[in-house]
Amino acid sequence: MSDVKKQKIFVDKVLDKTKALKGEKKPIALYKELVYYRFYEVLSNANPIFSSLLSEKKLKKLIVEFMHHGAKTDLIWQLPNEFRTFIKKEKKLEKSMPYIHDLLWFEWIEIKLFMQDYSAFSFSKLNFKNEYKLSKSARIKKLSYKVYERDFENSGEYFVLAYYDMNVQEVRYREISEFMYVFIKNLKNNSLIEVIRKMSKRYSLEHKEIKNILKEPLQELCELGVIIKEKR
């Protein structure tokens, strides 16, 4: 029986449009079925790639287990992140799907960035005299698989920037260099000059060389709102 037909039967029962049949499911069983459909709808839409890699039976089993042991939030849009945490604790799929945590992060971060409030957002211009930080519109991550290219075979170290593009109102991804990843990561707890000093020592480059390497990509990231001026 198709999902659509099952849902129609459920609605008919709720509205008392059908006669009671012998062996008919109790209301609690119907309610559980409805809740499952809701979880399935949210999680399969939020994790389309992950869902496509599992059999229907395996996916259903995971969702049911998550419903009983991992779901706590009252916010529907937070379910995919709780599901991600649940999968990480369970560790059942890591052996057969070593890329699973990268993939679930990749699919979750799009939702996370899309749901941010950007009403008070402002862009910055690059000036090495200012202090900068990674905007709430962006995230960086070191991955072991190029899940953003659906490459689940070749492991390594891949650095990705995910950001909400204000111009087109979409979440976009780009691969960045280790150099840029280290720079952005260090901005979190250090001033700009401190980061340049750290980079200079790590890569055996003069401060001026670091600035020359960073100038063009940082200008672009400022224009995109990925890097913003930190308010003092």
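**Confidence, a one-sided helix and a hairpin**

In this predicted model, the protein chain has a mean pLDDT (the predictor's confidence in each residue, from 0 to 100) of 87, and 86% of its residues reach 70 or more. Among its elements, strand β2 (residues 138-145) has the highest mean pLDDT, 98, and helix α1 (residues 3-14) the lowest, 49; helices (H or I, at least four residues) and strands (E, at least two) are DSSP runs, numbered from the N terminus. Over residues 10-22 pLDDT stays under 50, and the model has 10 contacts (heavy atoms within 4.5 Å) beyond four places in sequence for them.

Helix α8 is a good place to look more closely. Its 12 residues, 192-203, reach 16 Å from the first C-alpha to the last, close to the expected 16 Å, which is 1.5 Å times one less than the number of residues. L192, V195, I196, M199 and S200 are the buried residues of α8, buried being under 20% relative accessible area (1.4 Å probe, protein chains only). They lie on the same side of α8 because they cover an arc of only 140 degrees around the axis, taken from the directions from the helix axis to the C-beta atoms. Their cover includes β1 (132-134), α7 (178-187) and α9 (207-224). After α8 comes S204, with a positive phi near 55 degrees.

Turning to the strands, β3 (residues 155-165) and β4 (residues 170-176) pair in the antiparallel sense over 7 bridges; pairing requires at least two DSSP bridges between two strands. V160 stands opposite E175 in β4. The two strands form a hairpin with 4 residues between them, and Q169 in the turn has a positive phi of about 55 degrees.

Residues are numbered from 1 along each chain as its sequence is written, and side-chain values use heavy atoms, leaving out hydrogens and water. Local features need pLDDT of at least 70 and side-chain atom pairs count only at pLDDT 80 or more, while totals for chains, interfaces and linings use all residues.

Key:
Buried < 20%, exposed > 50% of the residue type's maximum accessible area, 1.4 Å probe, protein only.
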